[in-house]
Structure formats: C-alpha cells, structure tokens
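Ready for a little practice in reading a structure? Work through each task with the picture at hand, then check the solution.

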Amino acid sequence: MIGFRLVQGIGGGMIMPIGMMLIFKHFSKNERGFAMGIWGVAIMIAPTIGPTVGGIILEYSSWEMLYIMNVPTSLLSLVLAIYFLTKDGDSERVSFDWLGFLLVSGGIIGLLVGVDALQSTQNGFVYFMIGLGFALLIGFVLHELRTDEPLLDIRVLKNFIFTASLLLLANSTIAMFSVLLLIPILIQDIYGLSALYAGLLLFPQALSMGISMTIGGRILDKKGPYPVIMTGVVLICIATFGIAYSLADLQPAFLIALLILHGFANGFVNTPVTTAGLNALPANHLPAGTALNNVSRQMMKVISVVLLSMLFEARRHIMLPTGTIISPLGYLLFKMLHRCRGMFVIVHSARLFT
C-alpha cells in the first residue's frame, strides 16, 4: 500500500505546479485571482469533501471502493488532458538534483521520526534523529545556494512579499487540517456517531470554502490582496476560537455554522495569498516560486497532521491512563507518503515546465 501510494503521490506531484504555472502563463495579473480561485476549489475542496464521500462509501459499500473510485476519474482526466493540453514549444533537458533530494528527504524523515518518538521515549536515539534531521536540512540549504540547478531555488525567499505569503499559507493550512483531522475524531470517538455523520457535518464547510475562493479571487483582482486576506485571517481566528472554547457543549447546528465560517475564511486566505505572493515575483522566478509554494503547502499538511496526532495521543494517554501509545515507524512513513503527495516531484515538474 505504501508503495502504490508513493506512485499515486508522484502523479499528483506532477499535476499541481503545472496547473498553477498554466494559470500564471495564460492569465494577466488582474485576472489571476479569479482563475486561481477556481483552481483552488479543486485543490483545497477535495480534502474537505473527502470525508463526506468516504463516509458515504464506508456506510453503503466496502473500503476497497475508496480506491477503485479513483480509476474512472483518472481515466477521464487523462482524456481531457490529451484533448485540451498542447505542447508549447521545444523541451529542454533539466537535471535532477539528487544530492539536494537526499539531503532534504533525510532531514525531514529524521526530524519527523525523532519528534514522533518523543511522546513515548526520550533516549539517545531520539535526540540523534532530531539532530541528524536538523544537520541534513542545514546541509540542504547550503547545497542549494551553491548549485546551478537546485532542487528548490530558495533565493526567491529574498522577496519579502512572497515569503510573507508562505507564512500566511502555512497558518491557513494548519487551521484547515486541524479541523479536518480532529472534528471527525470528535464525532466518531467521543460522540459515538458514524463516519457518514462526520462526513456530512464537514460538507457545508467545503461548499463555503469553494464559494469564498471565487469571491476572494474577484476581490483580489479589483481591490488588491490586503482587504480579502485580512478579512480571512480575522474570521479564521474567530471561528477557531469559537470551536475550541465551546466544543464541550457545542450543538451540531452551531458547530456547522462555525465550520462554515471557518471554511469561508480559509477560502479568503488560501488562494488570494498564493496569487499575491506569486504576482510579486518576476516571470523568471515563477517556476521556483510555484515549486516552493506547493512544497510548503504539502509540508505543512505533513507537519500539522503529525503534530496534531501527537497532541491527540498525548492527551488520550493522560485522560485514559490504562491505554498504550503505539507509534510504529512504518505507520509514520505511511502518513508521510500519504500526505506529501510527491512533493519533490512538484519541484522537478515546475522546472520542467519552463
């Protein structure tokens, strides 16, 4: 399963940056907000609708259908791509930065394995893995600054607007995935309700996010990034604190209302922030910026899921002291491969696009 999920992630990693690059190539600056809003509906709504679709399938069919259902949609996507996408020009051979790939892969794995193991033990191996992870990531940065064809051109981080957009995107991603991870656990493990109920509870949030992405893109094109992004950030804070501080006595209707507000706010932040950050880059830096944007998005998914899972396990261990915490390395690697979605293929695909 891990192997096939890796193959699936490679395919997803090729699609995401190229789709974004197509938008920035064929739309002018004052049209990109709305175009990115429509694109973001597919990218950001899919993880939100996933629990609803998964709940319906698990309620009325078998778990195998969760995978089989991807076959016809993939074939349809292939036919549409062959029909609509045309070759822009002659291709150019680009070398893959294997040393950079190995350094950053080893660094991320070392950090995640070490941090994950901290919740159950604190021996020398744990601190060795954390230290090794930091050392490899520092080596990765130094290598990328020296090589002519880097895996990630981190020099684009000198652009303050682009760097700020990545920080806002990271916060927005954490806010969204904290809800997607913890609310279904609350509904099923604490309230004792079905996976279908949990999925239907999250569905209105997905709809509100899709609507707000297109609205936010329109506002960005006409008024600039500040009004729409600041509105989204404030609403995310209100919705998140509302859920956190009233969850014990929260009625389903009120929870749905807060989730709708949360989704609407995320739509006002996610794609407008991405569009504003990439608009601030010159055209020759767009491939590197697109790659960094997508890698940052996928990395924050991984980090937020791992850290929130650790927090949940630690709290469950405190509240249920007779339980045991099981965190095998194989499961951690599965989570990483499941969430990363071929993030390093994202980088290479963005470079090949040019």
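**Exercise 1: a glutamate and its surroundings**

E144 has a relative accessible area of 1%, so it is buried. This value belongs to a predicted model.

Task: Find which helix holds E144, and which residues beyond its sequence neighbours E144 is in contact with.

Solution:
- Step 1. Look along residues 124-146: they form helix α6, and E144 lies in it.
- Step 2. Set aside the neighbours within four places in sequence; E144 is then in contact with D97, G100, P150, L151, L152, I154 and R155.
- Step 3. Buried means under 20% relative accessible area, and E144, at 1%, is counted as buried.

**Exercise 2: a tyrosine on a patch**

Task: Decide whether Y83 is buried or exposed, and name the residues that make the nonpolar surface patch with it.

Solution:
- Step 1. Locate Y83 in helix α4, which covers residues 70-84.
- Step 2. The relative accessible area of Y83 is 64%, and exposed means over 50%, so Y83 is exposed.
- Step 3. Y83 joins L76, L80, F84 and L85 in a nonpolar surface patch of about 600 Å².

**Exercise 3: the whole chain**

Task: How many helices and strands does the chain have, and what share of its residues is buried?

Solution:
- Step 1. Count the elements: there are 13 helices and zero strands.
- Step 2. Of the 354 residues, 43% count as buried.
- Step 3. Turn to the outside: the chain exposes about 18500 Å², with 72% of it supplied by carbon and sulfur atoms.
- Step 4. Among contacts with a separation of 6 or more, 79% come from residues 24 or more positions apart.

Methods: Residues are numbered from 1 along each chain as its sequence is written. This is a predicted model: local features need pLDDT of at least 70, side-chain atom pairs count only at pLDDT 80 or more; totals for chains, interfaces and linings use all residues. Side-chain values use heavy atoms; hydrogens and water are left out. Helices (H or I, at least four residues) and strands (E, at least two) are DSSP runs, numbered from the N terminus. Buried means under 20% relative accessible area, exposed over 50%, partly exposed in between (1.4 Å probe, protein chains only). Contact means heavy atoms within 4.5 Å. Accessible areas come from the Shrake-Rupley method with a 1.4 Å probe; for residues, only the protein chains shown count as cover. Patches are made of residues with over 30% relative accessible area and no salt bridge: like charges are joined within 9 Å, nonpolar side chains (Val, Leu, Ile, Met, Phe, Trp, Tyr) within 5 Å. A salt bridge is a side-chain nitrogen of Lys or Arg within 4 Å of a carboxyl oxygen of Asp or Glu.
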